[in-house]
Amino acid sequence: MMSERLQRFAAGRRLARRRRRGGLLALVGLLGAGACGDRSQTVLTVLAASSLTDAFGVLERRFEGEHPGTDVVMIHAGSQVLRVQLEHGAPGDVFASANAEHMQAVMAAGRVAQEHPFARGGLALVVPPDNPAGIESLEQLPRASRVVLGVPEVPVGRYTQALLEQADRYYNNHSGLQGGGLQGGSLQGGSFRAQVQERVVSLEPNVRLVLAKVELGEADAAIVYRSDVTSARAVTMIPIPASLDVAAEYHVGILVDSEHPHVARQWVELLGSSPGQAVLQEHGFVSLDDR
Amino acid sequence: MTGERLSRGLRGGLRALPVVGLGIGLWVLLVLPVVALALASSPGELWDALGHPKVLPALGLSLQTTALSLGVVLVAGTPLAWWIARSRGSVARLVEITVELPIVIPPAVIGIALLLVFGRHGPLAPWIGSLVFTRWAVLIAQVVVAAPFYVQSAVAGFRGVDDDLLLVARTLGATSRQAFLRVAVPVALPALLGGAALCWARALGEFGATLLFAGSYEGKTQTMPLAIYATFEGDLRVAIAVALVLLLVALLTLVMARAGRRWLARSAASAGGGHGR
């Protein structure tokens, strides 16, 4: 069992590494292209929130297929990291942020002139496949002895806190109505939120790190973006009641000093197109018109 | 004639110029980021950073865990280095190479490896449970990434100990332990202290392995580098000021270690002079 878990984890890592290496190579290529002058291939650099990694990977292949001679280079990091890099002059063509705030900051720095939301992402509760704490709903989260969340300074951590607040209000008013979780005196230890906070053992700076802790079975439960829970991940997803879910709004904008504004616009159009939206939905995002 | 020599000297100097320039360039590259960090924060911001709720717990935790990990490395690493330096066999060479492995492995990979060894599903779990998310994890991560720097330096130091010196000590009636403690250690002391300072500095800056293996929780596993990263996610200015606090602490300690080393060397020299007389 451990070896299987290990293999799946290693496979995920390898994939991420290959991607990262690809990014690095492309960066080297970019530098090379800059030094040698013209190059037949157009390189479109997309700086995107790490939660978009998988969906944008699919869209990248699609875009490159539809636009021969164009190489899309993905640079994935936390939105706040990308924001700081952009504020300090990092080159690129498109910026996709996991929330409006970081996009606003980049606009204030004069790097993006126009932007718009293109998708929403909800949260999900994840547990290891063997589910050691026997959690079947958000309400049962306090059963976990070790909970890992995103640090409140990053968007996922902020949304998680908002979710816990909402759930707290809801469960404390309705306890007993929702079969399971808080029944049997589990409310003794305080409110839902306080119980969860008590069991938090780590506040991680990004979703992938949070997920890794669950995949390795070190955390009994964690809250991540739904879009991060792909089939390749060795975790079980437990849906969060739609009424409690807080959605992250993803924003995209073209950098004002983009060298290929025309290609960049085509990329942004792909995001809004129905095939683009379909890919995003496959990866756990919610289309904007669905709400 | 002198003019010729002068011009030859001048030509030599001119020829050396590019090399000197390269050296200066490297030095500037090393120092410039630190200067930029220092200039980015006003004294007021630095003071505010000290009062940031994340800083004092993280600083305390960092100092506590690095002191402990340095202690572990000194106690266990010194005999190991001695054995490596004194043994001729291929086993010793193998050990020497493997000890240095953590230097070339990316810290994040070390973190994953530690998760697999000391995690819930690791081979040690039946006996010690999971150490992940505990202070033990912080300590282990620091020891693993930092110990090689000490052992490497100590091995080099012990190799510089003259065999004859030890032999003389033994013929004068010293036990092998006495010969080690009173001859080998004093001779290798500069290397031991240099290695210890480097080891401590590496432990203090340790980030990747700790983040993966120990997680990040205020007051428990969030050391200074993790606190800097956590604040960076929120507010860059605070992160810079917090980083500056760490920088000052590290600088202070390295300067103190250097002064201590010089003082020890001087007192050792004067003690040696006393014996000679």
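Start with chain B: of its contacts between residues at least 6 apart in sequence, 78% join residues at least 24 apart, a contact being two residues whose C-beta atoms, placed from the backbone, lie within 7 Å. In chain A, residues 24 or more positions apart make up 76% of the contacts with a separation of 6 or more. This is a predicted model, so local features need a pLDDT of at least 70 and side-chain atom pairs count only at 80 or more, while totals for chains, interfaces and linings use all residues. Residues are numbered from 1 along each chain as its sequence is written, and chains are lettered from A and ligands numbered from 1 in the order in which they are written.

**How far to trust it**

- The model scores ipTM 0.71 and pTM 0.75.
- Chain B averages a pLDDT of 87, and 94% of its residues score at least 70; pLDDT is the predictor's confidence in each residue, from 0 to 100.
- Among the elements of chain B, α7(B) has the highest mean pLDDT, 96, and helix α12(B) (residues 236–276) the lowest, 77.
- Over residues 273–277 of chain B the pLDDT drops below 50, and this stretch has zero contacts in the model beyond near neighbours in sequence.
- Where pLDDT is low, the predicted coordinates should not be read in detail.

**Chain B overall**

- Chain B has 12 helices and zero strands; helices (H or I, at least four residues) and strands (E, at least two) are DSSP runs, numbered from the N terminus.
- The radius of gyration of chain B is 23 Å, whereas a compact globule of 277 residues would come in near 19 Å; the radius is taken over C-alpha atoms, and the globule rule is 2.2 Å times the number of residues to the power 0.38.
- Along its principal axes, the C-alpha trace of chain B spans about 65 × 60 × 35 Å.
- Buried residues make up 36% of the 277 in chain B; buried means 20 or more other C-beta atoms within 10 Å of a residue's own, exposed means 12 or fewer, and partly exposed is in between, with C-beta atoms placed from the backbone.

**A spot in chain B: Val187(B)**

- Val187(B) sits in helix α9(B), residues 176–205.
- Val187(B) has 19 other C-beta atoms within 10 Å, so it counts as partly exposed.
- Setting aside neighbours within four places in sequence, Val187(B) is in contact with Gly160(B) and Val161(B).
- The C-alpha atoms of Val187(B) and Ala265(B) are 9.4 Å apart, with their positions 78 residues apart along the chain.

**The sheet in chain A**

- Chain A has nine helices and 11 strands, and 47% of its 291 residues count as buried.
- Six strands of chain A make an open sheet, ordered β2-β1-β3-β10-β4-β11, with mixed pairing; two strands pair if DSSP finds at least two bridges between them.
- β2(A) (70–77) and β11(A) (285–286) stand at the edges with a single partner strand each, so one side of each has no neighbour in the sheet.
- Strand β4(A) (residues 112–121) pairs with β11(A) in the antiparallel sense over two bridges, and Arg120(A) has Val286(A) of β11(A) as its bridge partner.
- Helix α4(A) (residues 100–108) packs on the sheet and touches β3(A), β4(A) and β10(A), its direction making about 170° with that of β4(A); axes are lines fitted to C-alpha atoms, for helices over the stretch in contact, and angles run from 0 to 180 degrees between N-to-C directions.
- Helix α8(A) (residues 261–272) lies across β1(A), β2(A), β3(A), β4(A) and β10(A), running at about 160° to β10(A).

**A covered helix in chain A**

- Helix α7(A) (residues 207–215) is mostly covered, with eight of its nine residues buried.
- Among those buried residues are Lys213(A) and Glu215(A).
- Gly217(A) follows α7(A) and has a positive phi, near 75°.

**The core and the interface**

- The largest nonpolar core has 149 residues, and those touching the most other members are Val94(A), Val126(A), Ala221(A), Ala222(A), Val224(A) and Val242(B); such a core is a set of buried Ala, Val, Leu, Ile, Met, Phe, Trp, Tyr and Cys residues joined through C-beta atoms within 7 Å.
- Helix α7(B) (residues 135–159) supplies the largest share of this core, 16 residues.
- Leaving out neighbours within four places in sequence, the contacts of Ala221(A) include Leu125(A), Val126(A) and Ile135(A).
- Between the chains, 18 residues of chain B are in contact with 20 residues of chain A.
- On the side of chain B that touches chain A, α5(B) (107–118) and α11(B) (224–234) are the elements giving two or more residues, and α11(B) gives the most, with four.
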